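Reader: Could you walk me through the ligand sites here, and tell me how each label is earned?
Author: Happy to, with the structure in view.

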Amino acid sequence: MSATEFKKLETAWCPGCGNFGILDSLKLALEALGKDPHEVVIVGGIGQAAKTPQYLRANSFCGLHGRALPPAVAMKMANPNLTVIINTGDGDSYGEGGNHFLHNIRRNVDITHFVHDNQVYGLTKGQSSPTTLEGMVTDAQAEGSQNTPFNPVLIALVAGAGFVARGFSGKPEHLQMLMERAISYKGYALVDIFQPCVSFNKLNTFAWYNQRVYELDKSHDTRDRMGAMRRAKEFGDRIPIGVLFEEERPTFHEKNSSLKEGQVLAGRKNDPMLLNKLMRAMV
Ligand SMILES: Cc1ncc(C[n+]2csc(CCOP(=O)(O)OP(=O)(O)O)c2C)c(N)n1
Ligand code: SF4
Ligand SMILES: [Mg+2]
């Protein structure tokens, strides 16, 4: 299906927002992978990034703030034939949803997580988020953020994630390539995407990232977790983007006896009498 088939409504994002590049790359990645809208579900929590499911013509689910992962995981468990993709914010993924983030890595359900990392709480007008750089002044942090920033790709690597990448919405072709690889990966795939918020983050602008990001080349061994961690820690004058790490890991479905061998829960007959019997046994 062509990328235009995934086009939906006009958006309510500010002109120049980094979210536009991410949305365009996502549509093109889905086209390149030969996906049809009915095969895909886009999931978000709450926030500017979490509006993405509403701006794409595919199945969609908008949950609660910090709660994009649980419904995404449930959808994949119920119907492994779906391509489940989360598009949500840094606050949603690493702040309110931080615990889900960590434990989902352990579970390794075959879903893709695209984090629109604008380093602020955009929807609620720019308060500091887990990835805000120390010292950045916001309307709510008049003396600057005093917390050490959360490094999502480093944490994901330490927690044992099988696919970890970093992208930049100012490099849409590179981002599309990352998205295609992440969606094709069997297991939980994280892509943290630098997404300038032109209204509330006056520090981490397109120019700021353009001066710093560089694309990882073949000299970087994506099978070397320790090497990936060293790259993940580079966040100064130079910041690497690309696939940091990739390895095969058994997925949740492969390990679970009632789900392996292609069993589809969503296709099973619903037997209310059986449920009734189970509930009676518990009283
Ligand atoms: C449990 C809960 N806490 C706080 C809020 C208020 N809230 C809504 S969106 C948001 C920030 C979203 O930030 P982020 O996830 O980074 O997305 P962005 O808007 O930056 O894309 C907050 C704090 C909420 N809706 N629910
Ligand atoms: S507030 Fe920031 S993140 Fe939200 S639409 Fe505007 S530029 Fe984008
Ligand atoms: Mg944000």
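**Ligand sites and their labels**

Author: H3 gives the most to the shell around ligand 1, with three residues. Helices here are DSSP runs of H or I with at least four residues, and strands are runs of E with at least two, numbered from the N terminus. This is a predicted model, where local features need pLDDT of at least 70, side-chain atom pairs count only at pLDDT 80 or more, and totals for chains, interfaces and linings use all residues. Residues are numbered from 1 along each chain as its sequence is written, chains are lettered from A and ligands numbered from 1 in the order in which they are written, and side-chain values use heavy atoms, with hydrogens and water left out.

Reader: What makes a residue part of the group that surrounds ligand 1?
Author: One of its heavy atoms must lie within 4 Å of the molecule. For ligand 1 there are 15 such residues, with Gln48, Asp90, Asp92, Gly122 and Leu123 the closest.

Reader: How do you know that Ala49 and Leu123 make polar contacts with ligand 1?
Author: A polar contact is a pair of N or O atoms within 3.5 Å. A polar backbone atom of Ala49 is 2.9 Å from an oxygen atom of ligand 1, and a backbone N or O atom of Leu123 also lies 2.9 Å from a ligand 1 oxygen, so both pairs qualify.

Reader: Why are Asp90, Asn118 and Val120 called donors of the magnesium ion (ligand 3)?
Author: Donors are N, O and S atoms within 2.8 Å of the metal (3.2 Å for Na, K and Ca); water is not among the atoms, so sites may look incomplete. Asp90 (OD), Asn118 (OD1) and Val120 (O) lie 2.1 to 2.2 Å from the ion, so they count. Asp90 lies in helix H3 and Val120 in strand E5, so the pair ties together parts that are 30 residues apart in sequence.

Reader: What is the class make-up of the shell around ligand 2?
Author: Six residues are nonpolar, four are polar and none is charged. Ala, Val, Leu, Ile, Met, Phe, Trp, Tyr, Cys and Pro count as nonpolar, Asp, Glu, Lys and Arg as charged, and the others, Gly among them, as polar. Trp13, Cys14 and Cys17 are among the residues around ligand 2, so by that rule these three are nonpolar.

Key. A polar contact is a pair of N or O atoms within 3.5 Å; within protein, one must be able to donate a hydrogen and the other to accept it, and residues adjacent in sequence count only if both atoms are side-chain atoms.
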